[in-house]
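Work through the exercises below with the sequence and the model side by side. Try each task by yourself before you read the solution beneath it.

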Amino acid sequence: MRVLFFVASLIAAASVGAATVGPKAHGPEVLRAQVLLDRAHFSTGEMDGAYGSNMRQAIRGFQKLHQLPVTGVVDAATWAELERDQAPVLDSYTITAQDVAGPYTPVPAGMMAKSRLPALGYASLAEALGERFHCSPDLLRRLNPGKPLTRAGTRITVPNVAAAKPLPKASSILVDAQDGTLTLLDAGGMPFAQFPASTGSKHDPLPEGRWQVRGVATDPEYRYNPKLFWDAKAGDAKARLAAGPNNPVGVAWIELSKEHYGIHGTPEPGKIGKTQSHGCIRLTNWDVMAVVRSIARGAVVLLQE
């Protein structure tokens, strides 16, 4: 009953106006804001119905774009701007036989064990559906109480991310390590999209400066070289890891003019913006594909701490 109330409250919020969303908030209003921000191309990363650091940065970016007070809180003025998008926040999806068939394979933790797999696909249908609808598998279960997420023909409730408009082409990319964001800029230097990012660590700091996009690969293989990793396991050797969403660089690799550095996806979307990287810029798989569709070879990439 609590989950059904969650869904009903989310639908009702569209007609009666939603409450202010800020720190420690969770529930229908938060999810509604996350979906609207996602469709406005100010991604909160993996949607979960809870206010966190990635959501705060998404709100701030959206507020800057629309010349609103930059508070990181969804207040009445921010709701009014978000709700210019009047498409339903929730949608329905029917699980297909192809969805159920997979194949799905548990993914081991170590690089050497990963290298022995013929593909690095999804570990479960719940994981695959979560990535398709930009949300955590747990949120899908909360939206669909008692419904089997592994049975063909099951009709489930999902975040309506398909209503987003395509992104225009970007002239440049700005990565800000302090904010933990990647922002797309137009030819005039104006931002129009923002994504949470993991950007380096004390061992592998973000290489500040002006670089360029050298090329883009989707569904890339990953060439592991333990000499490039300070935390490589003893006994690790060079290895080729198969393509797939659970590949260490996810579903896309955007190569930069700085050797060994790039912008890429991740097998762990829930950790974006919350853990460090080995110097590269990590996004969720769906966000990196949005960037891939918006940029071209030669685009300027500005990296700043």
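The exercises that follow move from a pair of helices to single residues and then to the backbone.

This is a predicted model, in which local features need pLDDT of at least 70 and side-chain atom pairs count only at pLDDT 80 or more, while totals for chains, interfaces and linings use all residues. Residues are numbered from 1 along each chain as its sequence is written, and side-chain values use heavy atoms, with hydrogens and water left out.

**Exercise 1. Two helices in contact**

Describe how helix α2 and helix α3 pack, and state which residues meet.

Solution. Begin by locating the two elements: α2 covers residues 28-39 and α3 covers residues 53-65, where helices (H or I, at least four residues) and strands (E, at least two) are DSSP runs numbered from the N terminus. Next, take the geometry, in which the axes are 11 Å apart and form an angle of about 55°; axes are lines fitted to C-alpha atoms, for helices over the stretch in contact, and angles run from 0 to 180 degrees between N-to-C directions. The two helices are therefore oblique to each other, given that angles under 35 degrees count as roughly parallel, over 145 as roughly antiparallel, 65 to 115 as roughly perpendicular and the rest as oblique. Finally, look at the residues: V30, A33, Q34 and L37 in α2 meet M55, A58, I59 and F62 in α3, contact being heavy atoms within 4.5 Å. The residues of this contact divide into seven nonpolar, one polar and no charged, where Ala, Val, Leu, Ile, Met, Phe, Trp, Tyr, Cys and Pro count as nonpolar, Asp, Glu, Lys and Arg as charged, and the others, Gly among them, as polar. For the spacing of such positions, recall that an α-helix has 3.6 residues a turn, so residues three or four places apart point the same way.

**Exercise 2. A charged residue in α2**

Decide whether R32 is buried or exposed, and find what its side chain contacts.

Solution. First, R32 lies in helix α2. Its relative accessibility is 5%, so R32 counts as buried; buried means under 20% relative accessible area, exposed over 50% and partly exposed in between, with a 1.4 Å probe and protein chains only. The side chain of R32 then makes a polar contact with the side chain of E83, at 3.5 Å. A polar contact is a pair of N or O atoms within 3.5 Å; within protein, one must be able to donate a hydrogen and the other to accept it, and residues adjacent in sequence count only if both atoms are side-chain atoms.

**Exercise 3. Two enclosed helices**

Work out how many residues of α7 and of α9 are buried.

Solution. Helix α7 spans residues 125-132, and seven of its eight residues are buried, so α7 is largely enclosed by the rest of the structure. These buried residues are L125, A126, E127, A128, L129, G130 and E131, and what covers them includes β1 (90-94), α5 (97-101), α8 (137-143), β2 (155-159) and α9. For α9 (residues 285-294), eight of the ten residues are buried, so α9 too is largely enclosed; among them are W286, V288 and V291.

**Exercise 4. Two strand residues that touch**

Find where A193 and L184 lie, and list neighbours of each.

Solution. A193 is in strand β5 (residues 191-196), whereas L184 is in strand β4 (residues 181-185). A193 is buried at a relative accessible area of 0%, and L184 is likewise buried at 0%. Leaving out residues up to four places away in sequence, A193 touches H41, F42, L167, L182, T183 and L184, while L184 touches residues including A170, A193, V291 and S294. As for distance, L184 and A170 are 14 residues apart in sequence and 5.9 Å apart in space, C-alpha to C-alpha.

**Exercise 5. Backbone values to check**

Locate K24, D219, H134 and P103, and state what the backbone does at each.

Solution. As background, most residues other than glycine have a negative phi, and most peptide bonds are trans. K24, in the loop between α1 (2-16) and α2, has a positive phi of about 70° although it is not a glycine, and K24 is exposed, with a relative accessible area of 81%. D219, in the loop between β7 (209-218) and β8 (222-224), has a positive phi near 50°. H134, just after α7, takes a positive phi of about 60°. Lastly, P103 is in the loop between α5 and α6 (111-115), and the peptide bond from G102 to P103 is cis, with omega near 10°.
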